[in-house]
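Trainee: I am new to this structure. Could you take me through a single part of it, slowly and closely?

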Amino acid sequence: MVARSCPESPPSRGVPDVVGFRLDAAEHELGKRGLEYYVYSDDEVIIRSNWTVCDQYPTPGERARNVDVELYVDRFSCEWEDDDD
């Protein structure tokens, strides 16, 4: 009789939900999971804690194999003003 075991499965690389997080906290969470990411904004991001993640790709829970996470951020909050006023 031969004893066999399955190799341990690698840690889940599912994308966490970081929408609504401060950018610095989102980066920390993605870094803990070993995920690469890019930050997109309309302005230069200097103080990362002043920026909020408004959207992300891929969506939370998806596997991020060979795909970098895209973070779309806005300064302070994600409440965009309506220009129709």
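Mentor: Start with Cys78. Its relative accessibility is 24%, so Cys78 counts as partly exposed. Keep in mind that this is a predicted model.

Now look at the partner of Cys78. Cys78 forms a disulfide with Cys54. The two sulfur atoms are 2.0 Å apart. The count for this model is one disulfide. This pair links distant parts of the chain. Cys54 sits in strand E2, while Cys78 lies in the segment after E3. In sequence they are 24 residues apart. The torsion about the S-S bond of Cys54 and Cys78 is about -95°, so the disulfide is left-handed.

Move across the bond to Cys54. Its relative accessibility is 14%. Buried means under 20%, so Cys54 falls in that class. The strand around Cys54 is mostly covered too. E2 spans residues 51-57, and five of its seven residues are buried.

What does E2 pair with? Its partner is strand E3, residues 69-75. The two run in the antiparallel sense, over six bridges. One position to find is Thr52, which stands opposite Asp74 in E3.

Step back to the whole sheet. Three strands form an open sheet, in the order E1-E3-E2. The pairing is mixed. E1 (37-40) and E2 stand at the edges, each with a single partner strand, so one side of each has no neighbour in the sheet. From one strand to the next, the twist averages 30°. E1 and E3 account for the parallel pairing, over four bridges. There, Tyr37 has Val69 in E3 as its bridge partner.

A helix belongs in this picture as well. H1, residues 23-32, lies across E1, E2 and E3. Its direction is at about 165° to E3.

Finish with a residue that brings us back to Cys54. Val19 is found in the segment before H1. With a relative accessible area of 36%, Val19 is partly exposed. Which residues does Val19 touch, leaving out those up to four places away in sequence? They are Val53, Cys54, Asp55 and Gln56. Take Gln56 as one of them. Val19 and Gln56 are 37 residues apart in sequence, yet 6.7 Å apart in space, C-alpha to C-alpha.

So trace two links from Cys54: the disulfide to Cys78, and the contact with Val19.

How values were computed: Residues are numbered from 1 along each chain as its sequence is written. This is a predicted model: local features need pLDDT of at least 70, side-chain atom pairs count only at pLDDT 80 or more; totals for chains, interfaces and linings use all residues. Side-chain values use heavy atoms; hydrogens and water are left out. Buried means under 20% relative accessible area, exposed over 50%, partly exposed in between (1.4 Å probe, protein chains only). Two strands pair if DSSP finds at least two bridges between them. Axes are lines fitted to C-alpha atoms, for helices over the stretch in contact, and angles run from 0 to 180 degrees between N-to-C directions. Contact means heavy atoms within 4.5 Å. A disulfide is a pair of cysteine sulfur atoms within 2.5 Å.
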